[in-house]
Each structure stands twice: as C-alpha cells, then as structure tokens.
Amino acid sequence: PNCKEVTALVIAREDRDLPWERAALRVHMAMCQACPRFERQVLTMRNAMKQWRGYADDEADG
Amino acid sequence: MNDTRMVFDDFAQQVADAHGYLLKFARLQLRNETWAEDVVSETMVAALAKPQAFGGRSQLRTWLVGILKHKVVDALRSHQREVTVGDSDDDNADPLDDMAFKPDGHFQERPAEWGNPQQDLQSRQFMAVLEACTDKLPAVQGRLFLMREWLEMSSEEICKELQLTSTNLYVQLHRARLRLRECLELHWFASQP
C-alpha cells in the first residue's frame with residue numbers, strides 16, 4: 001500500500017495485527033527521517049502502560 | 001468465636017481502607033462518578049460476603065482490584081450504550097490531527113527525542129504524569145483506551161462487549177494514543193533537562 005499515514009499504521013499496530021502493511025511500514029520507515037522517532041515514542045508509551053499496571057499493583061501492595 | 005469475629009472485623013477494616021484506592025481506578029476507567037461508586041461498593045460487598053475466598057494468597061488490595069476489574073467490565077457492559085457515546089467531536093476529524101500534522105500529512109514539528117525513557121519509567125513522578133494524562137483523555141477515548149491497557153482486553157473482546165465496529169474502536173484508540181503522546185511530550189519529556 002506521508003508521515004501521517006505511516007504513523008497511523010505505527011499506532012494501529014498497538015491494537016490489531018497488521019497484514020503482511022507490515023512490509024510497507026518497514027519500507028517507509030527506512031525512507032522517513034522522523035517516523036522512527038515517532039515509533040520509539042509509541043514503544044515508550046507501550047512500556048509505560050505496562051509499567052503503570054505494575055506500579056498500580058506495587059502501590060496496592062505497599 | 002470471638003477470635004473469628006475479631007479476624008473478620010480486621011478484614012472488613014482493611015477492605016474499607018482500600019475504598020479510596022479502588023475508587024481512583026474505577027473513576028479513571030468509568031469516567032462516571034455514580035458508576036464508579038457503584039462498582040466499588042459491589043466489590044467491597046463481594047469481598048465481605050466471601051472473605052474465605054481471599055485466603056491470603058496475594059496482597060488484599062491486589063485481590064480487590066481483581067474483583068473490581070470484573071465489576072468494571074459488568075458496568076461497561078450494562079451501560080454499553082452510554083459508554084461509547086459522549087464525546088462531542090466523535091464523528092468529526094480530531095483537531096489534534098491538525099495540530100500534529102500539516103495539510104500535506106507531514107509533521108508540523110518533528111517528534112522530539114525522548115531521551116532515556118527507561119529511567120523515566122521507574123520514576124513515581126512520571127507515573128503521576130502518565131495517570132494525569134490518561135485522566136485527561138475525552139471520556140469515550142479514555143474508557144476504550146483503559147479497557148485495552150488496564151483491563152487488558154483484546155480489541156475483539158471490546159468490540160463484542162460494547163457492540164462497536166472495529167473501525168470505530170480503532171479510530172478512538174488512535175486518537176487516544178495520539179493525545180497521550182502529545183500530553184506526555186508536553187508535560188514530561190519537554191520539561192526534562
């Protein structure tokens with residue numbers, strides 16, 4: 001199949017399995033300078049929410 | 001007999017002490033004070049009705065949160081219609097799109113480098129900012145986002161529970177994640193040295 005369209009797929013990947021869109025994403029990531037940074041931010045948010053669930057449990061325990 | 005009574009009273013007191021903590025999470029997920037109060041009450045009643053089910057296998061609050069999550073899903077299911085409507089801009093383009101991207105679809109401003117996020121994620125202040133940003137999401141986006149991230153439901157489960165189309169769900173989650181990113185950038189990463 002601009003940055004807005006690439007980042008839309010980066011976000012969509014958090015909530016659904018992309019059809020082998022995955023290839024297009026890889027190709028466009030390699031060509032776009034800003035998109036990999038956005039991708040790292042989305043990954044950070046994923047880790048943050050995971051950490052938050054743990055933090056909520058820790059707070060519950062403590 | 002008296003010992004049993006004292007043990008139960010102590011258990012009941014600990015359950016009562018968890019009220020504020022449980023209410024915080026119920027509010028964050030349900031975005032409705034009445035529903036939140038109801039699910040917390042139901043959680044406490046369920047806990048007090050079967051104290052033997054606790055059995056000390058985990059921390060009491062962790063066990064209570066487990067019950068709360070089930071009650072929250074029940075509430076979302078029974079208020080299904082109201083859960084998925086309410087944001088005034090639901091059917092229109094999200095103004096955030098205009099702020100984040102130019103008309104040609106390229107970034108207004110290139111995404112910032114977020115430094116060493118692993119270190120940030122260990123910080124209580126970061127968690128407080130993350131919680132505040134989640135709390136600031138519009139009601140529908142916030143509910144759906146936390147169903148994914150706190151209740152850990154799959155997209156398919158959410159669509160089934162709330163009779164949502166997958167397209168509608170993905171649009172709302174997309175907006176929620178964009179907003180969360182914007183909020184974290186503004187209130188945490190931009191202010192870090």
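How much accessible surface does chain B have, and what share of it belongs to carbon and sulfur atoms? The accessible surface of chain B comes to about 10300 Å², and 51% of this belongs to carbon and sulfur atoms. Keep in mind throughout that the model is predicted.

**Stop 1: chain B as a whole**

Select chain B and colour by secondary structure. Eleven helices appear, and zero strands. Read from the N terminus, every element in the run is therefore α, as the order α-α-α-α-α-α-α-α-α-α-α shows. Of the 193 residues in chain B, 46% are buried. Among contacts in chain B with a separation of 6 or more, 73% are between residues 24 or more positions apart.

**Stop 2: helix 3 of chain B**

Select residues 33-49 of chain B, which form helix 3. The helix has 17 residues and reaches 24 Å from its first C-alpha to its last, close to the 24 Å expected at 1.5 Å a residue.

Now show the side chains of B:Trp35, B:Ala36, B:Val39, B:Val40, B:Thr43, B:Met44 and B:Ala47, the buried residues of this helix. They lie on the same side of helix 3, because they cover an arc of only 165 degrees around the axis. An α-helix has 3.6 residues a turn, so residues three or four places apart point the same way.

Turn to the face away from the buried side: the exposed residues B:Thr34, B:Val45 and B:Ala49 are there. Then go to the start of the helix and add B:Asn32. One of its side-chain oxygens reaches to within 3.0 Å of the backbone nitrogen of B:Thr34.

**Stop 3: helix 11 of chain B**

Select residues 166-187 of chain B, helix 11, and pick out B:Leu173 within it. Is B:Leu173 buried or exposed? B:Leu173 counts as buried because its relative accessibility is 0%.

Which residues touch it, leaving aside neighbours within four places in sequence? Its contacts are A:Asp15, B:Leu144, B:Phe145 and B:Arg148. For a distance label, use the C-alpha atoms of B:Leu173 and B:Arg143, which are 9.7 Å apart in space and 30 residues apart in sequence.

**Stop 4: the disulfide in chain B**

Show the cysteine side chains. The whole structure holds two disulfides over all chains. One of them joins B:Cys133 to B:Cys183, with an S to S distance of 2.1 Å. The torsion about the S-S bond is -80 degrees, and the link is left-handed. This pair links distant parts of the chain: B:Cys133 is in helix 8 (residues 124-135), B:Cys183 is in helix 11, and the two are 50 residues apart.

B:Cys133 is buried at a relative accessible area of 3%, and B:Cys183 also counts as buried, at 10%. Select B:Cys159 as well; this cysteine is buried with 13% relative accessibility.

**Stop 5: the cysteines of chain A**

Move to A:Cys32 and A:Cys35, which form a disulfide with their sulfur atoms 2.4 Å apart. The torsion about this S-S bond is about 75 degrees, so the disulfide is right-handed. A:Cys32 is buried, with a relative accessible area of 18%, and A:Cys35 is buried at 0%.

Finally, add A:Cys3. Why is its sulfur not bonded to that of A:Cys32? The sulfur of A:Cys32 is the closest cysteine sulfur to that of A:Cys3, but it is 4.2 Å away, too far for a bond. A:Cys3 is buried, with a relative accessible area of 8%.

Terms used: Residues numbered from 1 in each chain as written. Chains lettered and ligands numbered in written order. Predicted model: local features only at pLDDT ≥ 70, side-chain atom pairs only at ≥ 80, totals over all residues. Heavy atoms only, no water. Helix = DSSP H or I, 4+ residues; strand = E, 2+ residues; numbered from the N terminus. Buried < 20%, exposed > 50% of the residue type's maximum accessible area, 1.4 Å probe, protein only. Contact = heavy atoms within 4.5 Å. Areas by Shrake-Rupley, 256 points an atom, 1.4 Å probe, with all protein chains shown as cover. Disulfide = S-S within 2.5 Å. Expected span 1.5 Å × (residues − 1). Arc of directions from axis to C-beta. Polar contact = N/O pair within 3.5 Å; in protein donor to acceptor, adjacent residues only side chain to side chain.
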